[in-house]
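Subject: Handing over a structure

Dear colleague,

I am passing on a structure that I would like you to look through, and my notes on it come below. Please keep the picture open while you read, since the notes name places that you can find in it.

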Amino acid sequence: MRFCRVIEETKDLDNQWFGKTFAKIIEGKYLTINITLANVVKDKTCWITIEIPTINNPFDFSNIEINNGICKPDYSYGISDPHLEPQRTGKAILNIWNEPLYSTLDYFTEFRTVILIYNHILKRFVFFEEENDSYTIRNYEWEVNNKGHLIGRDTATGNHCFTWQPIGSRLSKVTKVPKSAIKFEL
């Protein structure tokens, strides 16, 4: 498997190693400066690479939280108290995420995320890919949890989909690790 060989050859485990490795495998280009949300491009397709180091066995994960970045509804929408109207704040947060996604799709026909969950000590890796879609704002209900974070739930299923932390304005997306994920050991 070419992926395993390239990972074994990778000596520079800086915070960009997975993006660089993925670009090498697909014969794409690694962007040191992101012009869009993506950091790897090939032809009309772009990817954002996410690596999730863990001290646990990555084979045991069924869900993960992916940091989608910083979303500041106070700056972008003038919301000074995000807890006052959680639904309004949640809508603003998803709008903030959707805008650069639309801009990215102005340049590329496909925008995907590749995720690598790994434990270097166990030398176990889980790899999968997913399409990046804009979030349909009406599909989520927002509430404040006991930590003061906003939780976005799917209105149809009630499943927890997003966590937004007011301190740092970080948005995380809950992602299922698909059964089709590639699991391997070195």
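What follows is an account of what was found, beginning with the whole chain and ending with the aromatic rings.

Please bear in mind throughout that this is a predicted model. The chain contains four helices and eleven strands, and its C-alpha atoms fill a box of roughly 50 × 35 × 30 Å when this is taken along the principal axes. For 186 residues, a compact globule would be expected to have a radius of gyration near 16 Å, and the chain has 18 Å, which agrees. Of the 186 residues, 46% are buried, and the accessible surface of the chain comes to about 10,500 Å², with 49% of that belonging to carbon and sulfur atoms. If you take the contacts between residues at least 6 apart in sequence, 58% of them join residues at least 24 apart.

Helix 4, which runs over residues 86-107, can be checked by its length: at 1.5 Å a residue its 22 residues should span 32 Å, and its end C-alpha atoms are 33 Å apart, which agrees. Several residues of helix 4 are buried, including Ala-92, Ile-93, Ile-96, Trp-97 and Leu-101. It may help to recall that an α-helix has 3.6 residues a turn, so residues three or four places apart point the same way.

You may wonder how many disulfides a search of the whole structure finds. The search finds zero, and the distances show why for two of the cysteines: the closest cysteine sulfur to that of Cys-46 is in Cys-71, 18 Å away and too far for a bond, while the sulfur of Cys-161 also has its closest cysteine sulfur in Cys-71, at 15 Å, again too far for a bond. Cys-46 is buried, at 0% relative accessibility, and Cys-161 is likewise buried, at 15%.

Lastly, the aromatic rings form 13 pairs. In one of these, Tyr-118 and Phe-125 have ring centres 6.2 Å apart and planes at 20°, so the pair is stacked, and both residues are buried. Another pair, Tyr-135 and Tyr-140, is edge-to-face, with 6.5 Å from centre to centre and 90° between the planes; Tyr-135 and Tyr-140 are buried too. Ring pairs also link Trp-17, Phe-18, Phe-22, Trp-47, Tyr-118, Phe-125, Phe-127 and Phe-184 into a cluster.

With best wishes

Notes: Residues numbered from 1 in each chain as written. Predicted model: local features only at pLDDT ≥ 70, side-chain atom pairs only at ≥ 80, totals over all residues. Heavy atoms only, no water. Disulfide = S-S within 2.5 Å. Buried < 20%, exposed > 50% of the residue type's maximum accessible area, 1.4 Å probe, protein only. Helix = DSSP H or I, 4+ residues; strand = E, 2+ residues; numbered from the N terminus. Expected span 1.5 Å × (residues − 1). Rg over C-alpha atoms; globule rule 2.2 N^0.38 Å. Contact = heavy atoms within 4.5 Å. Areas by Shrake-Rupley, 256 points an atom, 1.4 Å probe, with all protein chains shown as cover. Phe/Tyr/Trp six-rings, centres within 6.5 Å; stacked < 30°, edge-to-face > 60°.
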